[in-house]
Amino acid sequence: SKHEEIELVSVEEFYKEAPPEISKSDITLHDPHEQTLSRLDWELEQRKRLANKEKILKEIEVKKEYLSNLQPRLNSIMQASLPVQEYFAMPFDQVHKQYEIARHLPPPLYVLFVQASAYGQACGKPSGSFQERGPKVFFSPIDKKLAVAIEGNVEEAKALCKPPEDSQDDESDSDVEEEQTTKRRRPTLGVQLDDKRKEMLKRHPLSVTISLKCKDGNLLLLTFYYLMNLNVLTVKTKMTAATEMTVPISAG
């Protein structure tokens with residue numbers, strides 16, 4: 001008969017995997033004919049599941065291909081829309097770059113950046129221009145009472161997240177070199193204290209700058225730094241006059 005040409009799972013596997021409504025063990029265990037029919041039903045059910053799974057996998061592959069082709073299109077659209085963004089003072093591309101950089105901020109600076117940016121967007125019309133100088137990214141406000149930007153070396157910030165790649169051989173070599181250096185020159189107490197102070201006050205490579213435009217046209221700049229070893233934020237302020245003369249107020 002035709003069903004004998006179909007390769008079915010073993011009887012043990014059938015009773016182990018098939019649900020009770022298909023296996024019907026109380027009937028099929030004592031009736032070989034009913035058992036064969038139930039095994040055929042289970043084979044049909046499995047093939048339906050497999051066909052459905054293959055269909056889903058094919059749909060996933062189609063969607064993956066669509067998404068992979070979508071990103072270059074979006075990039076070209078964003079690039080083509082840059083003049084429009086500049087004309088309407090809506091720098092979406094620049095804002096996207098800033099939020100990409102913000103991922104490398106330490107948590108306190110990230111919270112400050114997000115909340116200050118949200119306040120600036122809610123209380124004023126976004127307007128500004130970005131300038132990239134090597135590894136540093138600056139934001140220059142044009143006509144906005146409050147603007148937020150990230151400054152600093154992005155590559156150094158990324159390097160902080162990477163685990164050290166020191167092998168045991170490198171450690172032994174560095175120990176020998178350090179011992180030889182110590183024998184040649186022992187730092188004085190003043191140098192040691194100065195080195196400890198510098199290490200204690202070491203800043204994160206990235207900082208957050210908030211610029212506030214005053215009614216008289218002057219610009220107040222608040223630059224926030226994160227001291228990694230002390231786990232505290234410091235702020236440095238300066239006033240930029242309307243005549244583009246910078247007068248320091250205080251440093252922290």
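Colleague: I'm looking at helix α7, and I'd like to learn how to read its surface. Which residues of α7 are exposed?

Modeller: Pro107, Gln115, Tyr119, Ala122 and Cys123 are exposed, and they sit on the other side of α7 from its buried residues. Keep in mind that this is a predicted model.

Colleague: Okay, and which residues of α7 are buried?

Modeller: Those are Leu109, Phe113, Ala116, Ser117 and Gly120. Looking down the axis of α7, you'd find its buried residues within an arc of 105 degrees, so they line one face of the helix.

Colleague: Why do residues three or four places apart point the same way in an α-helix?

Modeller: Here's the general idea: an α-helix has 3.6 residues a turn, so a step of three or four places brings you back to the same direction.

Colleague: How would I check the length of a helix? What should α7 span?

Modeller: You reckon with 1.5 Å a residue, so the 17 residues of α7, residues 107-123, should span 24 Å. In the model, the C-alpha atoms at its ends are 24 Å apart, which agrees.

Colleague: Let's try pairs of charged side chains. How many salt bridges does a search of the whole structure find?

Modeller: Five salt bridges turn up. To read one, look for the closest N and O atoms: between Arg47 and Glu43 they are 3.0 Å apart. Arg47 and Glu43 are four residues apart in helix α4, residues 32-80, which means about one helical turn separates them.

Colleague: Are Arg47 and Glu43 buried or exposed?

Modeller: The idea is to compare each relative accessibility with a cut-off, where buried means under 20%. Glu43 has 12%, so it counts as buried. Arg47 has 48%, so it counts as partly exposed.

Colleague: Which salt bridge involves Lys198?

Modeller: Lys198 pairs with Asp194, and their closest N and O atoms are 3.5 Å apart. These two are also four residues apart, in helix α10 (residues 189-200), so they are separated by about one helical turn. Lys198 is exposed at 52% relative accessible area, while Asp194 is partly exposed at 32%.

Colleague: And what does Glu100 form a salt bridge with?

Modeller: Its partner is Arg103, again with the closest N and O atoms 3.5 Å apart. Arg103 is exposed, with a relative accessible area of 57%, and Glu100 is partly exposed at 36%.

Colleague: Now a residue with no charge. Where is Thr28 found?

Modeller: Thr28 belongs to helix α3, residues 25-28. Its relative accessibility is 1%, so it counts as buried.

Colleague: What does Thr28 touch, leaving out residues up to four places away in sequence?

Modeller: On that count, Thr28 touches Tyr15, Ser23, Glu34, Gln35 and Ser38. With Tyr15 there's also a polar contact of 2.8 Å between the two side chains.

Colleague: Let's zoom out. How many helices and strands does the protein chain have?

Modeller: It has ten helices and seven strands. For burial, take the whole chain: 24% of its 252 residues count as buried. For surface, the chain exposes about 18700 Å², and 56% of that comes from carbon and sulfur atoms.

Colleague: And how do I read contacts over the whole chain?

Modeller: Look at how far apart the partners are in sequence. Among contacts between residues at least 6 apart, 48% join residues at least 24 apart.

Conventions:
Residues are numbered from 1 along each chain as its sequence is written. This is a predicted model: local features need pLDDT of at least 70, side-chain atom pairs count only at pLDDT 80 or more; totals for chains, interfaces and linings use all residues. Side-chain values use heavy atoms; hydrogens and water are left out. The expected span of a helix is 1.5 Å times one less than its number of residues. Buried means under 20% relative accessible area, exposed over 50%, partly exposed in between (1.4 Å probe, protein chains only). The arc is that of the directions from the helix axis to the C-beta atoms. A polar contact is a pair of N or O atoms within 3.5 Å; within protein, one must be able to donate a hydrogen and the other to accept it, and residues adjacent in sequence count only if both atoms are side-chain atoms. Contact means heavy atoms within 4.5 Å. Accessible areas come from the Shrake-Rupley method with a 1.4 Å probe; for residues, only the protein chains shown count as cover. A salt bridge is a side-chain nitrogen of Lys or Arg within 4 Å of a carboxyl oxygen of Asp or Glu.
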